[in-house]
Amino acid sequence: MSKLLEIALGIVTSIGGFLDVGAIATSAEAGSSFGFGLNWAIVLGTICVIFLVEMSGRLADASKHTLADAVRERFGFNFYVLPLLSEIIVDFLVLGAEIGGVCITLQLVTGIAFRWWALPVAFAIWLMLWKGNFGLIENGVSLLGLITLVFVVASFKLHPPLPALTAGIIPTLPRQNSVHYCFIAVSILGASISPYLFYFYSSGAVEDKWDEGHLSINQAVASLGMGFGSIVSLGVPIVAAMVLHPRGIQVDSYEQAALMLTQSFGYWGIILFAASLGIACFGAALEVTLDTAYIVAQALGWNWGESLRPKDAARFSFVYTVFVFLASLLMVAGIDPLQLTLFSMALTAVILPVAILPFLVLMNDDRYVGRHRNGWISNTVVIFTIALAFVLAIVAIPLEILGG
């Protein structure tokens, strides 16, 4: 019974924590600009991330290694420097965007410009990390994130046409704005297959002391949690396609995106959008900040753990303290949160190859996973994702310049 409860809690928190600023921004932009035409990118990204998250958890269960630790040990520190620095840079930009999402929420509610909220939001994130533990970060905030189910409710209330929804699962290049279409597709895939998810998930599994007895839990949480989370994520472009696209409203700011829910919920739609954006971004900001501290500490062999007291993991705590306040300065400088989000999602696509390539070696290495090695289906998905990652890495920056 306890295992079933653990699975249920893991699935629920995965659903609540699935949406972040990248998913909301790219999906809203997709729906408002191209209707249902980019739903396929969310479906494809979800399939890839289900397999990769399951592998990162299986690696932690079987080897007691986090993904970062295993990569450093298996390939050597010199190899790991590139993915480490790449992930730190992208995490920095993504964290700035997540803080920006919370600040925009407060701007929508109070009317006070988002840049004035940056430092208070950073302090709230730091305080939660300093005083909280991993269970609170993993479960508490993610449970609040279930408010994002309002996008699914709004989708049902709007009665989207089934043939159009089905057609959106098949990639079709539009005749107009094709470059922008490709840029948003790359950004959606970057938001979905985000490397910080793998590093954070494996670190959490080790911190929770998972072992081989948790393999079934890991499979259920990765597949069902991420799968149902994808349904929540699909709600965003569907609502945007039904409400904003027919009116010719393209999402150039979060204030425009907030109009999505007004047709279904009236004035409360603005409040529900703000709450969804704020809670989702705050939870993701905690995870991204922790992820950076995790990978730096694990790379350098420091003591680490969110459930440890700060004085018992002083360098780990110092990393997330400095990181969160530096990232908040991006918002203090007045950088547009939505544009930063789209750029950081495209840049995430650039670093995907170095983040995903080690999976193919580690998940077939008996020294790490033993009899729990990848089967042919998992290896096929990894090879396909690696190939996709190389394509995305090549085209992301040119598309950013031409159509972003």
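The expected span of a helix is 1.5 Å times one less than its number of residues. In this predicted model, helix α5 has 34 residues and reaches 48 Å from its first C-alpha to its last, which is close to the 50 Å expected at 1.5 Å a residue. Helix α5 covers residues 77–110, and the residue that follows this helix, G111, has a positive phi near 85°. Helix α11, which runs over residues 195–207, has 13 residues and spans 18 Å between its first and last C-alpha atoms, close to the 18 Å expected at 1.5 Å a residue.

Two packed helices are described by the angle between their axes and the distance between the axes. For α5 and α11, the packing angle is about 105°, and the axes are 10 Å apart. Because angles of 65 to 115 degrees count as roughly perpendicular, α5 is described as roughly perpendicular to α11. On the side of α5, the contact is made by Y80, P83, E87 and D91, while α11 contributes P195, Y196 and Y199. Sorted by class, the residues in this contact are five nonpolar and two charged, with no polar residue. An α-helix has 3.6 residues a turn, so residues three or four places apart point the same way.

The surroundings of α11 can be described further. This helix is mostly covered, with 12 of its 13 residues buried. The buried residues of α11 include the three that meet α5, namely P195, Y196 and Y199, and also S203, G204, A205 and E207. After α11 comes K209, a residue with a positive phi near 60°, and K209 is a residue other than glycine. K209 lies in the loop between α11 and α12, the latter comprising residues 215–243. With a relative accessibility of 67%, K209 counts as exposed, because the cut-off for that class is over 50%.

A positive phi is also found at K64, again a residue other than glycine, where the value is near 60°. K64 is placed in the loop between α3 (39–63) and α4 (67–75). The relative accessible area of K64 is 48%, so this residue is classed as partly exposed.

One of the buried residues of α11, S203, is linked to helix α15 (residues 268–300), in which Q298 lies. The side chains of S203 and Q298 are joined by a polar contact of 3.1 Å. Q298 has a relative accessible area of 4% and is therefore buried. When neighbours within four places in sequence are left aside, Q298 is in contact with T66, A68, D69, R72 and W304 as well as with S203. Helix α15 also contains S276, which is buried because its relative accessible area is 0%. Residues up to four places away in sequence not being counted, S276 touches I147, T148, V150 and F151.

Several further pairs bring together residues that are separated along the chain. A23, in helix α2 (residues 21–34), and A191 are 168 residues apart in sequence, yet their C-alpha atoms are 5.7 Å apart in space. A23 counts as buried because its relative accessibility is 9%. Apart from neighbours within four places in sequence, A23 is in contact with A191 and S233.

A second pair involves A164, which is placed in helix α9. A164 and F36 are 128 residues apart in sequence, with a C-alpha to C-alpha distance of 6.8 Å. At 27% relative accessibility, A164 counts as partly exposed.

A third pair is formed by P174 and G37, which lie 137 residues apart along the chain and whose C-alpha atoms are separated by 8.5 Å. P174 is located in the loop between α9 (162–167) and α10 (178–192). The relative accessibility of P174 is 24%, so P174 counts as partly exposed. Beyond residues up to four places away in sequence, P174 touches F34 and Y181.

How values were computed:
Residues numbered from 1 in each chain as written. Predicted model: local features only at pLDDT ≥ 70, side-chain atom pairs only at ≥ 80, totals over all residues. Heavy atoms only, no water. Axes fitted to C-alpha atoms, helices over the stretch in contact; angles between N-to-C directions. Helix = DSSP H or I, 4+ residues; strand = E, 2+ residues; numbered from the N terminus. Parallel < 35°, antiparallel > 145°, perpendicular 65-115°, else oblique. Contact = heavy atoms within 4.5 Å. Nonpolar A, V, L, I, M, F, W, Y, C, P; charged D, E, K, R; others polar. Buried < 20%, exposed > 50% of the residue type's maximum accessible area, 1.4 Å probe, protein only. Polar contact = N/O pair within 3.5 Å; in protein donor to acceptor, adjacent residues only side chain to side chain.
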